[in-house]
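Please open the structure in your viewer and keep the selection tool at hand. We will walk through it one stop at a time.

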Amino acid sequence: MLTFDELINELCKEKGIKLTSISKNWIKVLERDNQIHYIISHKFDLNNNSIATILDDKYAFYELMELKKNPIIKHHIIFRNYSKDYIKDLYELYNHNLVIKANLGSCGKEVFHETDLEKIYDLLDNLLIKNYSLSICPYINIKNEYRVIILDSQILLMYGKIKPVVYGDGKKTLRELLIEFNPHYFGNKKNIPNIVLNKEEKYEYNWQFNLSKGANIFMDIPEFLEEKISKLALKVAKEINIRFCSIDIILDNEDNLYLMEANSGVMMDNFMNIHENGVNIAKYIYGSAINKMFAK
């Protein structure tokens, strides 16, 4: 499978664009016809820096969505001088069931689900050593999460994400079940317990819906739901004036839609490997973004 770097290199060759990678491949410099553009990590220079900065900060994005009266999971910002009494109040308010996450984190990193108050205090203290701020959110029972990729008010891709949960049949090992669920992620995993689940016994490998943590994708979204997700995602992109982004939306157990987050860096690395046509889809999306960058 192609990597992101290899795919961008291939696209630039096809489009007659001079590509130079600097800063250990973190920054890509694209030049053609006296134009110069940049890709920094997975961020294409189609978005202005202000909105990109807001989307990089989970709490900032939350407050912007609150301002625009869009449905979004509640966030509470926490700094290093936080009050334990305030944390306890949130703990009681949300039925002893909290999610703590770094505001500047990505790919599901530094996101934790915790139900023990003392462990929450320890978690906050440890995370705040290296993070300026955190968000605390209520834990929500999520049916599915959906990702929408938008370029200039057009949806280029929508797919659902399923968290890595398997059910036993009394015969197959846990490893076999997880590999069936997501062969790309679990095929080379070494730390899976060598056990056989009882029939219908549930095993949740991870509570998160991140592809980087074992979740899988599905493309078959009911038409009525696809319409609702599309309407919300396009509304958000238009309101915040962003050209190229991905927007994550959840469906809870009561069939309510809420915004999870939006990303100014459009990452498709895992999607490319999981979907049978993932490389071609990613090539089309990234190629379209590059064309927009060089459009006169």
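The tour below goes from a sheet to a pair of helices and then to two single residues. Keep in mind that this is a predicted model.

**Stop 1: a four-stranded sheet**

Start by selecting β5, β8, β6 and β7, which line up in that order as an open sheet with antiparallel pairing. Colour residues 76-78 (β5) and 111-114 (β7) to mark the edge strands, each of which pairs on one side only. Turn the view and compare neighbours: the strands of this sheet are turned by 25° against each other on average, direction ignored.

Now zoom in on residues 98-102, strand β6, which is joined to β7 by four bridges in the antiparallel sense. Which residue in β7 stands opposite leucine 98? Select glutamate 114 to see this partner.

**Stop 2: the helix across the sheet**

Add residues 117-130 to the selection. This is helix α5, and it lies across β5, β6, β7 and β8, the last of these being residues 134-138. Look along β6 and you will find α5 running at about 5° to that strand.

**Stop 3: two packed helices**

Next, select residues 49-56 for helix α2 and 58-67 for helix α3. Their axes are 5 Å apart, and the packing angle is about 105°. Angles from 65 to 115 degrees count as roughly perpendicular, so that is the description for α2 and α3.

Show side chains to see who makes the contact: Ile51, Ile54, Leu55 and Asp56 come from α2, while α3 supplies Lys58, Ala60, Phe61 and Leu64. How do the residues of this contact divide into nonpolar, polar and charged? Six are nonpolar, none is polar and two are charged.

**Stop 4: leucine 257**

Move on to strand β15, residues 257-263, where you will find leucine 257. Is leucine 257 buried or exposed? Its relative accessibility is 16%, so leucine 257 counts as buried. Leaving aside neighbours within four places in sequence, select its contacts: Pro71, Leu225, Lys228, Ile229, Ile249, Ile250 and Leu251. For a distance check, pick the C-alpha atoms of leucine 257 and cysteine 137; they are separated by 16 Å, with the two positions 120 residues apart along the chain.

**Stop 5: asparagine 144**

Finish in strand β9, residues 142-151, by selecting asparagine 144. With a relative accessible area of 18%, asparagine 144 is buried. Not counting residues up to four places away in sequence, asparagine 144 touches Lys161, Ile162, Phe209, Phe218, Ile249, Ile250 and Leu251.

Notes
Residues are numbered from 1 along each chain as its sequence is written. This is a predicted model: local features need pLDDT of at least 70, side-chain atom pairs count only at pLDDT 80 or more; totals for chains, interfaces and linings use all residues. Side-chain values use heavy atoms; hydrogens and water are left out. Two strands pair if DSSP finds at least two bridges between them. Axes are lines fitted to C-alpha atoms, for helices over the stretch in contact, and angles run from 0 to 180 degrees between N-to-C directions. Contact means heavy atoms within 4.5 Å. Angles under 35 degrees count as roughly parallel, over 145 as roughly antiparallel, 65 to 115 as roughly perpendicular and the rest as oblique. Ala, Val, Leu, Ile, Met, Phe, Trp, Tyr, Cys and Pro count as nonpolar, Asp, Glu, Lys and Arg as charged, and the others, Gly among them, as polar. Buried means under 20% relative accessible area, exposed over 50%, partly exposed in between (1.4 Å probe, protein chains only).
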